[in-house]
Amino acid sequence: MDVISRVNRSGPTSLSEATEPVWIRGVLIVLALGFLLLFIFLPLAAIFTEALRRGVGAYFASFKDPDALSAIKLTLLTAAIAVPLNLVFGVAAAWTIAKFDFFGKSLLTTLIDLPFAVSPVISGLIYVLLFGAQGWLGPWLAAHGIRILFAVPGIVLATMFVTFPFVAREMIPLMQSQGSDEEFAAISLGASGWQTFLRVTFPNVKWGLLYGVILCNARAMGEFGAVSVVSGHIRGETNTIPLHVEILYNEYNFVAAFAVASLLALLALVTLGLKSFVESRMGDERITA
Amino acid sequence: MSIEARHIIKKFGAFPALNDVSLKLETGELVALLGPSGSGKTTLLRIIGGLEYADGGQIFFDGEDATKISIRNRQAGFVFQHYALFRHMTVFKNVAFGLNVRPRASRPAKAVIEKRVRELLKLVQLDGVESRYPSQLSGGQRQRVALARALAIEPRVLLLDEPFGALDAKVRKELRRWIRKLHDALHITTVFVTHDQEEALEISDRVVVMNHGRIEQIGTPQEVYDRPASAFVCQFVGNVNAIAENVASEEKRSEARSVAFVRPHDIEIMSRRNGAPSLDAVVEFVHTAGAVAKIDLRLRQSGELLEVEMPRSRQTELTLKPGDRAFVKFREVRTFPPA
C-alpha cells in the first residue's frame, strides 16, 4: 500500500482500492482453505472416524493388545533414550559452533545437517552395513553376544541419527544471534565454563532448547523409515508405534491400525500446541539486552 | 597496577592486526587507545584483558608475566561496547555475578554481597533500580550497570571497549566526564578504546594513537595535539587542512610534492594585504552558528580548499561573505618527513 500510494499519489488512497478485486481474493482464499481441508483436516478426521468406526469400546480394545502395548512401550523407551542424548549432543554441538572459532567448524556444521540430507531408509541401512551379520562389526558383535541390529539398541541408534539435527539446528542460530559477549563478560568476572553455561548461556536459550526438544521428540516417536530397516519387525519385541500401524494395516485390521495411528496424530496435535506456546515465549530470547 | 605490553603480534588470517606493539601504562593512569577502525586498538585491549591471545609478545601486570594467565584469573574488569549485561538477570544479580560465582571458600556471605552491590550501585548513581532488568534501562544506565558489575570483582585494571560508542551525543558527553571523576576517586588503572578523538583528548591522562596495527604516538592529549609525531596523528587528532607544501611555504619548488598541515585555528584572515606575505583567497562559505566562526576559503593560486576557525568577534570585524576576497596567513605549519 505504502509503495503504491507513493508511486501513484493521485491514484487509489484506501487499502481496499489498492488490493486485488473481490473475486480474485475470493478465489485465493477458497484455494488456500480447500488445500488445508483436503490435505490436513480431512486426513486427520479420517484417522479418528476410522478408529472409532466400531465404537469407543473397539477403539480402546486396540490398545489392550499386548503387541500394541509393547509397541507403545518401545516407542516411549526409544524417545526416552534418544531425546535426552540428542539434547546433550545438540547443546554441546551448538555451544561449540556458535561460541567458538576452530578449524573444521563448517565441516562440523555440514555433518550435523547430514541426517536431514540423507533418506531415513539409507540412515537405517548404514547401521545394517555396520552391525549386520555381514557388516563390518557384525562378526565381532556376534562373537561377543551383543545384539544391536533387529533389537532395541539398533532402533535407538537409528532414531538418534535421524533426530540428531533438531536440537542443534534450533540452537545454533539462536546462540549466534546472541553473540558471545555475555559469556566473555561472565568469564572475565571469574565464572568457570560450567558456571558460564548454566548461569548465562542456558537461561538465554531455554525456550529455544525446549522448542528443539519438542520437535526432536515428535520425530523420534514418529520415525518410520530408518527404524523399519533396523527393526526386523519382531512382534511384541522390536515394533515401534509406526511399524505396528503398518503391520495392522497390512493385515486389514483397520480399526486397530487407525486407533494406534490416532496416538501419533494426538502426539502431533500436542506438539503443535506446545510449539506455538514455546514460540511465543522464544520471541523474548531474541531481544538483546 | 602497571601494565606493559612487549612486542605484541597478532594476525587474523593474513591480516596483521597488531604489528610489534609495545607500550607501558603506569599505575592509576587513564589511557585512551585511539585510532580508526581496523587500527588494532580493540584487539590490543582484548589481549590485555585476556579475551584474545597474542601470536607473539608478552603482557606484564606489575612487572609479572601475565601472558599465560587466563581471562578468568586476570582480574581485569571488562566493559563491552554493547554492555553485555546478562539479560535474564536483574540489575542486582548482574552486579553480584562476579561475587556469586566465586568458589565457596572465597565467596563473601550473602549479606556482604548485598551490601557491596548496593554500594556499587550508589557509586554509579543507580540506587533504586536493583530489581529492574537490563531491557528496562536506558543505554547510559546499562553502561553504568556494566561498570558496577566490572568493579564488583575489585579489578586490578579496568578495560573499556568503546564504552560510549552506542550512546547518543549528550549522554556520551555526560558519561565520559563522569567516568573521569570516577577514575579520580578510585584510581584504578583504566584503558579505554575509542575512535573519537574528542573523547580521548578530553578525559585521558595519556593517549595512544594507533594506525594499521602500530602505535603512531603515545603522549598527553596536549602533546598529541600540539606536537603530532606523524602526518597520520596530525590528521586524525583534531581538524587539519592538508595542502601542498609549496603553497604553504610560498616557495616555487617544482619537485616539492609533500604535504603541509595547518590547523583551522592557526590560519589568520585579513581583508587587506598588509604588506606581510599572505595568500590570496576567495570566501566560499561562512558558518557562524556555534562557538567559533567557521570560514571555508578557496586559495586562488592552487584552488585548494581551506577550513578556518576564528573567534566570532573576529568575524564581526571582518564581516566576510561568500565571494569576498581575503588574504590568509598561516601561524603554524607542520610538515613531516615522508614515511
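Which residue is the bridge partner of V282(B) in β15(B)? Keep that one in mind while you load the coordinates; this is a predicted model, and the exercises below walk through its sheets, its chain contact and its voids.

**Exercise 1. Work out how β14(B) is paired on both sides.**

Step 1. Start with the opening question: in β15(B), V282(B) has R298(B) as its bridge partner.

Step 2. Now widen the view to the two strands. β14(B) pairs with β15(B), residues 292-299, in the antiparallel sense, and 6 bridges hold the pairing.

Step 3. Look at how the chain gets from one to the other. The two strands make a hairpin with 4 residues between them, and G290(B) in that turn has a positive phi of about 155 degrees.

Step 4. Check the other neighbour. β14(B), residues 279-287, is also joined by 4 bridges to β17(B), residues 325-330, and these two run antiparallel. To find a pair to click on, take L279(B), whose bridge partner in β17(B) is V328(B).

**Exercise 2. Put the whole sheet around β14(B) in order and find its edges.**

Step 1. Carry on from β15(B). This strand pairs with β16(B) over 7 bridges, again antiparallel, and I295(B) stands opposite V308(B) in β16(B).

Step 2. Inspect the link. β15(B) and β16(B) form a hairpin with 5 residues between them, where G303(B) in the turn has a positive phi of about 75 degrees.

Step 3. Write the order down: β13-β17-β14-β15-β16 of chain B, an open sheet of 5 strands with antiparallel pairing.

Step 4. Read off the edges. β13 (267-270) and β16 (305-311) of chain B each have a single partner strand, so each has one side left without a neighbour in the sheet.

Step 5. Add the twist: on average, neighbouring strands here are turned by 45 degrees against each other, direction ignored.

**Exercise 3. Do the same for the open sheet of 3 strands in chain B, then pick apart the β9(B)-β10(B) hairpin.**

Step 1. The order is β11-β12-β18, with antiparallel pairing. β11 (241-244) and β18 (334-335) of chain B are the edge strands, each pairing on one side only.

Step 2. Zoom in on one pairing. β12(B), residues 259-262, and β18(B) share 2 bridges in the antiparallel sense, and F261(B) stands opposite R334(B) in β18(B).

Step 3. Now the hairpin. β9(B), residues 206-211, pairs with β10(B), residues 214-219, over 5 bridges, antiparallel once more. V209(B) stands opposite Q217(B) in β10(B).

Step 4. Finish with the turn: 2 residues lie between β9(B) and β10(B), and H212(B) in the turn has a positive phi of about 50 degrees.

**Exercise 4. Describe the contact between chain A and chain B.**

Step 1. Count who takes part: 23 residues from chain B and 21 residues from chain A.

Step 2. Pick a size figure. The size of an interface is often given as the accessible area lost when the parts come together. For this pair, the buried area is about 2,100 Å², with 61% of it from carbon and sulfur atoms.

Step 3. Find the big contributors on one side. In chain B, R72(B), R87(B) and V101(B) lose the most area to chain A, together 33% of what that side buries.

**Exercise 5. Characterise the largest pocket and the largest cavity.**

Step 1. Begin with the pocket. The largest one has a volume of about 490 Å³. Of its 18 lining residues, K99(A), F100(A), D101(A), F184(A) and L51(B) lie nearest its centre.

Step 2. Trace the lining back to elements: α5 (66-99), α10 (181-188) and α11 (193-222) of chain A each give two or more residues.

Step 3. Sort by class. The pocket lining has 8 nonpolar, 4 polar and 6 charged residues.

Step 4. Turn to the closed voids. There are 3 cavities of 30 Å³ or more, and the largest has a volume of about 70 Å³.

Step 5. See what surrounds that cavity. Its lining includes L147(B), L158(B), I179(B), H183(B) and T190(B). α4 (139-151), β7 (157-161) and α5 (169-186) of chain B each supply at least two residues, and α5(B) gives the largest share, 4 residues.

Step 6. Sort by class again: the cavity lining has 8 nonpolar, 2 polar and no charged residues.

Notes
Residues are numbered from 1 along each chain as its sequence is written. Chains are lettered from A and ligands numbered from 1 in the order in which they are written. This is a predicted model: local features need pLDDT of at least 70, side-chain atom pairs count only at pLDDT 80 or more; totals for chains, interfaces and linings use all residues. Side-chain values use heavy atoms; hydrogens and water are left out. On a 1 Å grid over the protein atoms alone, a cavity is a set of points where a 1.4 Å probe fits but cannot get out, and a pocket is an open set with protein on both sides within 12 Å along at least five of seven lines; lining residues have an atom within 4 Å of a point. Grid points are joined across faces, edges and corners, and a volume is the space filled by probe spheres set on the points. Ala, Val, Leu, Ile, Met, Phe, Trp, Tyr, Cys and Pro count as nonpolar, Asp, Glu, Lys and Arg as charged, and the others, Gly among them, as polar. Two strands pair if DSSP finds at least two bridges between them. Axes are lines fitted to C-alpha atoms, for helices over the stretch in contact, and angles run from 0 to 180 degrees between N-to-C directions. Contact means heavy atoms within 4.5 Å. Buried area is the accessible area (1.4 Å probe) that two parts lose on being put together, summed over both.
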